[in-house]
Amino acid sequence: MLETFLRIPVGIIIAISLVTLAYALLALFLAQQKPARLKPVKILIAANWLWSLVSVFLLFFFFAGSSIFGKLFLVLQIIVVAGLAYFEGRGVEQAEKQYP
């Protein structure tokens, strides 16, 4: 059903969902650590930038065949993931300045 609505192959939808779930679980785990460890957060940020890049390739590869909702889904994924990476990076920079 979602494949028909987005006109993106179901395998890609499942892969995106699994990556998003893995990110959410790792982010939740890291957020619960006291004190916060910056190295794992930096790895998560790098993974977000990498996933943003992969998402750009997905957009170009599936753009022509996807519905307007599929295109919107892929574009929003890039914006949200890159935005997370950017703001997480800024947070780490501020933490490093505050707690050298």
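## Exercises on a predicted helical model

Setting aside residues up to four places away in sequence, valine 81 touches Asn48, Trp51 and Ser52, where contact means heavy atoms within 4.5 Å. This is a predicted model, in which local features need pLDDT of at least 70, side-chain atom pairs count only at pLDDT 80 or more, and totals for chains, interfaces and linings use all residues. Residues are numbered from 1 along each chain as its sequence is written, and side-chain values use heavy atoms, with hydrogens and water left out.

**Exercise 1. Place valine 81 and decide: is it buried or exposed?**

Step 1. Find the residue: valine 81 is in helix α4. Helices here are DSSP runs (H or I, at least four residues), numbered from the N terminus.

Step 2. Check the cover. Valine 81 has a relative accessible area of 11% and is buried; buried means under 20%, exposed over 50%, and partly exposed in between (1.4 Å probe, protein chains only).

Step 3. Look across to α3. Asn48, Trp51 and Ser52 are among the buried residues of α3, and what covers the buried residues of that helix includes α2 and α4.

**Exercise 2. Which residues make up the largest nonpolar core?**

Step 1. Apply the rule: a nonpolar core is a set of buried Ala, Val, Leu, Ile, Met, Phe, Trp, Tyr and Cys residues joined through side-chain atoms within 4.5 Å.

Step 2. List the members. The largest core has 11 residues: Leu6, Ile8, Ile13, Ile16, Trp51, Leu58, Leu59, Phe62, Leu74, Ile78 and Val81.

Step 3. Sort them by helix. At least two residues of this core come from each of α2, α3 and α4, and α3 gives the most, with four residues.

Step 4. Set this in context: in soluble globular proteins, nonpolar side chains tend to be buried together.

**Exercise 3. How many salt bridges does the structure hold, and which side chains meet?**

Step 1. Count them: there is one salt bridge, defined as a side-chain nitrogen of Lys or Arg within 4 Å of a carboxyl oxygen of Asp or Glu.

Step 2. Name the partners. Glutamate 96 and lysine 42 meet through their side chains at 2.5 Å, N to O.

Step 3. Trace the link. Glutamate 96 lies in helix α4 (residues 68–98) and lysine 42 in helix α3 (residues 38–62), so the pair ties together parts that are 54 residues apart in sequence.

Step 4. Compare the cover: glutamate 96 is partly exposed at 32% relative accessibility, and lysine 42 is partly exposed at 40%.
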